[in-house]
Amino acid sequence: MRVVVIGGGVAGLACAHALLRVGIRPTVIEPGDARPEPWKGLLLFEEGLVRLASLGLEARVVARGQRLERIDTFRPDGEAVGAVLLDRAVGVLQGHLIEELTQALPAGIVRRGVRALELLRDARGDAHAVRCSDGSEVVGDLFVACDGARSRLRAQVAPERHAGEVRLHEIVGHVDDPDLAAELGPRLVKLEHPAGGLAFGVVPCGAGRLVWYVQLDAERHRSDVHTANERARLVHRLVGDFRHPVPRLLGRTDFEHSRLWHTTDLDALPRLHAANVALAGDAAHVLLPFTGQGAGAALADAEELARALHRALRDGGATTDPTRHRAQIAAALDDYTRARLPSVRRMVASGRTLRDRFLARRPHGPDSEIPIGR
Ligand SMILES: Cc1cc2nc3c(=O)[nH]c(=O)nc-3n(C[C@H](O)[C@H](O)[C@H](O)COP(=O)(O)OP(=O)(O)OC[C@H]3O[C@@H](n4cnc5c(N)ncnc54)[C@H](O)[C@@H]3O)c2cc1C
């Protein structure tokens with residue numbers, strides 16, 4: 001079976017690992033060069049870590065990051081308002097996760113520097129090749145679109161669905177501060193404004209690297225900033241008077257390396273495949289940042305897709321008959337959608353619930369302190 005994976009982010013690389021484990025050697029097409037993005041810190045919770053463990057990669061990823069045991073929430077003036085204990089969680093740079101996933105793959109799986117342009121289809125409507133930016137055509141029996149939240153290939157499966165921008169914006173920065181990282185220990189610290197719509201968080205990501213973020217309601221706080229100076233001014237204006245460790249983090253941040261991120265929202269798709277094209281990762285579901293589940297969900301997609309293919313090929317037996325082969329792929333993709341959709345629907349809904357709570361003007365209370373979705 002020839003599987004072509006389009007996109008070599010967390011989802012695409014995890015698909016490659018999961019497919020190799022069931023005896024399928026895929027090709028991954030990725031335009032980027034695998035350079036770590038220092039500003040993107042990820043929280044991986046149980047779901048993601050369990051999936052990494054089944055790919056044999058949990059220990060490597062945890063070693064690059066920082067185990068987290070709790071999330072402590074404060075008011076801006078430092079009054080503690082809540083704590084959540086975490087069973088199994090880690091903070092890690094997305095770039096380090098991608099490095100580990102890449103380094104553990106055999107050579108020749110990932111074709112870098114190449115962008116997928118379009119799927120070429122036969123008379124029946126099945127994709128048979130992907131046309132790439134270097135002029136090549138990569139043929140396959142199954143295509144897995146892992147091209148991210150603004151996926152172009154999503155339209156091949158759900159043409160009517162587009163991810164829309166939401167009023168939640170996030171500014172992200174990072175510092176290397178081993179002393180502060182030691183002081184924070186295995187804790188994600190969050191400071192939430194009691195009026196809602198504004199929060200600051202800091203995630204230890206290992207080796208003294210701290211990734212901080214400001215979540216803001218863009219309707220209440222103008223955030224049409226473009227330059228490093230504008231981002232710095234906005235962040236200082238919004239959270240400059242929040243308590244320790246905010247001033248220290250802001251004081252040490254090089255805002256040239258900060259980012260403003262417009263979050264996107266997308267209803268759960270009715271299905272995660274059409275014909276012989278499957279979606280995985282953010283291409284399949286865009287989760288609001290509150291869930292902290294995007295990467296974990298991408299890892300889960302990869303494992304379930306490989307499992308469904310393995311099952312269909314095993315049950316259908318080896319065949320050279322194209323009709324039976326197509327039926328096996330169709331059965332596998334039905335299985336995949338069935339396995340993943342309930343959890344995708346749950347995560348989309350929980351992200352929106354957490355967004356609504358974040359935006360709501362409400363006093364802190366004991367039910368408002370769980371800043372992650374399940
Ligand atoms: C600021 C921020 C904070 C986040 N925090 C968390 C968190 O705490 N926990 C968590 O679990 N998730 C978090 N996420 C979400 C997480 O980063 C994503 O869910 C995860 O990276 C999804 O991986 P992906 O591979 O599906 O998509 P991406 O990481 O977007 O990868 C898509 C890949 O496809 C490639 N591509 C695009 N177009 C093409 C094409 N035409 N041809 C070939 N390749 C193509 C891109 O180059 C890219 O490498 C966060 C995201 C952001 C932005």
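Select Leu-43 in strand E3 and look across the pairing: Leu-43 stands opposite Gly-91 in E5. Keep in mind as you go that this is a predicted model. Now show the two strands in full. E3 covers 41-44, E5 covers residues 80-93, and the two pair in the antiparallel sense over four bridges.

Keep Gly-91 highlighted and add strand E4, residues 66-74. E4 also runs antiparallel to E5, and eight bridges join them. Here Gln-66 stands opposite Gly-91, the residue that also faces Leu-43. Follow E4 to the hairpin that links it with E5: there are five residues between the strands, and Gly-78 takes a positive phi near 100°.

**Next stop: the six-stranded sheet**

Colour the strands in the order E6-E2-E1-E10-E17-E16. Together these six form an open sheet, and the pairing is mixed. Which strands sit at the edges? They are E6 (110-112) and E16 (273-274), each of which pairs on one side only. As background, strands of a sheet pair through backbone hydrogen bonds, either parallel or antiparallel.

For a parallel example, zoom in on E10 (residues 142-145) and E17 (residues 277-279), which pair over three bridges. Pick Ala-145 and you'll find Leu-279 of E17 standing opposite.

**A three-stranded sheet**

Move on to E7, E8 and E9. In that order they form an open sheet, this one with antiparallel pairing. Its edge strands are E7 (116-121) and E9 (137-139), with each pairing on one side only. From one strand to the next, the twist averages 25°.

Inside this sheet, select E8 (residues 127-132) together with E9: three bridges join them, and they run antiparallel. Ala-129 is a handy marker, since Val-139 in E9 is what stands opposite it.

**Helices around H8**

Hide the strands for a moment and show H1 (10-21) and H8 (294-316). Their axes are 8 Å apart and they pack at an angle of about 30°. Angles under 35 degrees count as roughly parallel, and H1 and H8 are therefore roughly parallel to each other. Their crossing is right-handed.

Now swap H1 for H2 (residues 46-54). H2 and H8 also pack with their axes 8 Å apart, at an angle of about 40°. That makes this pair oblique, and H2 passes H8 in a left-handed crossing.

Bring H1 back and add H4 (residues 94-103). The axes of H1 and H4 come within 10 Å and cross at roughly 25°. H1 and H4 are therefore roughly parallel to each other, with a left-handed crossing.

**The ligand and its shell**

Centre the view on the ligand and show the 35 residues around it. Which of them come nearest? Gly-7, Gly-9, Gly-148, Gly-281 and Gly-294 do, so label those five glycines.

Colour the shell by residue class next. You should count 16 nonpolar, twelve polar and seven charged residues.

Then colour by element. H1, E2 (27-30), E3, E11 (164-176) and H8 each supply at least two residues of the shell. Which gives the most? H8 does, with four residues. So the E3 strand from the start of the tour and the H1 and H8 helices from the previous stop both turn up here again.

Finally, colour by domain: domain 1 takes in 3-60 + 92-163 + 265-359, and domain 2 takes in 165-264 + 364-368. Both give residues to the shell around the ligand, so it lies between the two domains.

**Two backbone oddities to finish**

Most residues other than glycine have a negative phi, and most peptide bonds are trans. Two spots here are worth a look with that in mind.

Go to the loop between E13 (198-204) and E14 (209-217), where you'll find Ala-207. Its phi is positive, about 55°, although Ala-207 is not a glycine.

Then jump to the loop between H6 (228-239) and H7 (246-252) and select Pro-245. Add His-244 and check the bond joining the two: it is a cis peptide bond, with omega about 15°.

Definitions and conventions:
Residues are numbered from 1 along each chain as its sequence is written. This is a predicted model: local features need pLDDT of at least 70, side-chain atom pairs count only at pLDDT 80 or more; totals for chains, interfaces and linings use all residues. Two strands pair if DSSP finds at least two bridges between them. A residue is near a molecule or strand if its C-beta atom, placed from the backbone, lies within 6 Å of it. Ala, Val, Leu, Ile, Met, Phe, Trp, Tyr, Cys and Pro count as nonpolar, Asp, Glu, Lys and Arg as charged, and the others, Gly among them, as polar. Domain bounds come from an automatic or database domain assignment. Axes are lines fitted to C-alpha atoms, for helices over the stretch in contact, and angles run from 0 to 180 degrees between N-to-C directions. Angles under 35 degrees count as roughly parallel, over 145 as roughly antiparallel, 65 to 115 as roughly perpendicular and the rest as oblique. A crossing is left-handed if the near helix is turned anticlockwise from the far one by less than a right angle, and right-handed if clockwise.
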